[in-house]
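Reader: I would like to go through this structure with you, one question at a time. Could you take me along?

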Amino acid sequence: MPKNIVIVGGGPAAVWAAIEAKRRDTDARVTLLTDEDCEPYEKPPLSKAVLGGAAAPEHAPIAGGGGLAAHGVELVRQARCIAIDRAARTLATSAGHFPYDALVLATGSVLRELRPLPPSMPRVHYLRTAADARALKAAMDGCKDMIVVGAGLIGLEVASSAAARGIAVTVLEAAPMALARCCDAATSAAIVAEHRHHGVEIELDCALIQATPQQDGRLALESSDGDLYVADIVVVGVGVKPDDALARAAGLETGDGVFVDAWCRTSDPAILAAGDCTRFPGPDGRVHLENWKHAQDQGAVAGRNAAGADDTYTPVPSFWSEQYDLYIQGVGWPSDGARVVRRPMAGKSALAIGVDEGRIVAAVGINAQRDMAAIRRLIERRIAVDPETLADPARPFAEMLKAATR
Ligand SMILES: Cc1cc2nc3c(=O)[nH]c(=O)nc-3n(C[C@H](O)[C@H](O)[C@H](O)COP(=O)(O)OP(=O)(O)OC[C@H]3O[C@@H](n4cnc5c(N)ncnc54)[C@H](O)[C@@H]3O)c2cc1C
């Protein structure tokens, strides 16, 4: 009997789990269930090319032009998975019941909501799905000014896309620093300076306490300092949390994410999980990541293991972001104890490298793709480095790699 592998989700973790499961066991029946009504699409373009008007969500199918069918995977749309019967190995969904031999959960994240700005409030937008992006783009087509709440990656990408379209943008951030979760203070300051250069106002230390619709329909936001900001539309980008509801209801081990081991197995060996929805073993205990590469790579491992492989997932995490002409990248596991080494760079480029016990643990770069690729290899291969050399722009990183392999 061919193995029945069922995958829940419509993001990169689910798609790569499905593709790799089918590749590993070509006889298996692989079925992907998504609650959306479309071929799974990439999310990164939503806040960039889609809002900018250069692309539509359907232009970037995750499985490529032929969709999942071209990989021998059956796609079931509008199939919201409601419950898992672990004893019977059956999944209850809005599109019927699906039996499984191996199940992969890749349910991704759900948006964090701000109480004064619920998604149902007129002129308030959140951005996670293609439908959200289409609605926001339509609202941007007719708007003069916008407030973005949250100076994280998504909030600043939306600000950049809107400013490029001539919309007056104000970003309100409760923390004293933008991008606090993903970069150091100097890199953050350089990115904020670029936004200001494009006319975007960024207010830090600015907590929102109230939102009031005006008589003309515009929204007025009041900060804890008593300042008032009024705009045509408001976009909220205050982060996401792992969607572990299905796993929790099924009695799997969870805790702000579905607990998995290095093989992507949950507390039930017939069920694996991957992507934004998981918490997995990192260098210092369980960790959670929310980025595209993690979702793709962990999904691929989960899919292969669902089909009988024995692979482990031990990533060097990375993310990227695009704002104006800045290509921002992060790699590695940042640690509080690391010394930050800066390499002087030309123009708008920047590199901040975290060094701990003679090795690079993490780095953030702006317009430094080639250097970041070499730094990733230095991290992966745990090559010993000298901070003085790292700071010297005359010493290519590739040279350090070569020296270590001689
Ligand atoms: C606007 C935007 C821009 C981004 N830009 C970048 C970027 O530039 N760089 C980067 O590294 N990362 C970026 N990310 C993050 C990246 O896209 C995510 O980390 C990645 O999509 C996570 O993949 P995933 O498969 O784990 O989950 P998701 O992509 O969230 O997919 C989960 C899917 O599961 C479906 N689902 C959930 N529950 C059920 C259920 N019960 N039944 C059926 N289906 C269900 C959902 O509808 C969804 O389709 C961005 C994210 C967004 C939203």
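Reader: How many residues does α1 have, and what span does α1 reach from its first C-alpha to its last?

Author: Happy to start there, with the reminder that this is a predicted model. Helix α1 covers residues 12-24. The expected span at 1.5 Å a residue is 18 Å, and the helix comes close to that value. So the count and the reach of α1, taking the expected span as 1.5 Å times one less than the number of residues, are 13 residues and 18 Å.

Reader: Is α1 mostly covered or mostly open, and how many of its residues are buried?

Author: A residue is buried if 20 or more other C-beta atoms lie within 10 Å of its own. Among the residues of α1 that pass are Pro 12, Trp 16, Glu 20 and Lys 22. The cover over the buried residues includes β1, β2, β7 and α7. The helix is mostly covered, and its buried residues number 11 of 13.

Reader: Which helix gives the largest share of the largest nonpolar core?

Author: That core holds 118 residues, and those touching the most other members are Ala 17, Ala 18, Val 104, Leu 105, Ala 106, Val 234 and Ala 273. The largest share is 8 residues, and they come from helix α1.

Reader: Which residues does Ala 17 touch, not counting residues up to four places away in sequence?

Author: Ala 17 is a good one to click on, being buried in α1. Its partners include Gly 299, Ala 300 and Ala 302, which are also among the buried residues of α7. The full list is Ile 7, Val 104, Ala 106, Ala 274, Gly 299, Ala 300, Ala 302, Gly 303 and Ala 306.

Reader: Why is α7 described as largely enclosed by the rest of the structure?

Author: Helix α7 runs over residues 292-306 and reaches 21 Å, close to the expected 21 Å. Its buried residues, among them His 294, Asp 297, Gln 298 and Arg 304, pack against β1, α1, β7, β19 and β20. The helix is largely enclosed because its buried residues number 12 of 15.

Reader: Which residue with a positive phi follows α7?

Author: The phi in question is near 110°. The residue that follows the helix with this value is Gly 308.

Reader: Which residues other than glycine have a positive phi, near 50° in one and about 55° in the other?

Author: One sits in the loop between β3 and β4 and is partly exposed, with 13 C-beta neighbours inside 10 Å. The other sits in the loop between β22 and β23 and is partly exposed too, with 18 such neighbours. In that order, they are Gln 78 and Tyr 324.

Reader: Is Thr 31 buried or exposed?

Author: Thr 31 lies in strand β2. Leaving aside neighbours within four places in sequence, Thr 31 is in contact with Val 6, Glu 74, Val 76 and Phe 98. There are 20 other C-beta atoms within 10 Å of Thr 31, and 20 or more is the requirement. Thr 31 is therefore buried.

Reader: How many C-beta neighbours inside 10 Å does Tyr 41 have?

Author: Tyr 41 belongs to the loop between β2 and α2. Beyond four places in sequence, Tyr 41 touches Pro 57, Glu 58, Ala 60, Pro 61, Ile 62 and Ala 130. Tyr 41 counts as buried, since its C-beta neighbours inside 10 Å number 24.

Reader: How far apart do the C-alpha centres of domain 1 and domain 2 lie?

Author: The domain assignment gives domain 1 as 4-110 + 241-306, domain 2 as 115-236 and domain 3 as 325-405. Contact between domain 1 and domain 2 takes 10 residues from domain 1 and 13 residues from domain 2. On the domain 1 side there are 6 nonpolar, 2 polar and 2 charged residues. The distance between the two centres is 30 Å.

Reader: To finish, what is the radius of gyration of the protein chain?

Author: The chain comes to 10 helices and 26 strands. The globule rule gives 22 Å for 406 residues, and the chain is close to that, so it is as compact as a globular protein of that length. Buried residues make up 44% of the chain. The radius of gyration is 22 Å.

Key
Residues are numbered from 1 along each chain as its sequence is written. This is a predicted model: local features need pLDDT of at least 70, side-chain atom pairs count only at pLDDT 80 or more; totals for chains, interfaces and linings use all residues. A nonpolar core is a set of buried Ala, Val, Leu, Ile, Met, Phe, Trp, Tyr and Cys residues joined through C-beta atoms within 7 Å. Helices (H or I, at least four residues) and strands (E, at least two) are DSSP runs, numbered from the N terminus. Two residues are in contact if their C-beta atoms, placed from the backbone, lie within 7 Å. The radius of gyration is taken over C-alpha atoms; the globule rule is 2.2 Å times the number of residues to the power 0.38. Domain bounds come from an automatic or database domain assignment. Ala, Val, Leu, Ile, Met, Phe, Trp, Tyr, Cys and Pro count as nonpolar, Asp, Glu, Lys and Arg as charged, and the others, Gly among them, as polar.
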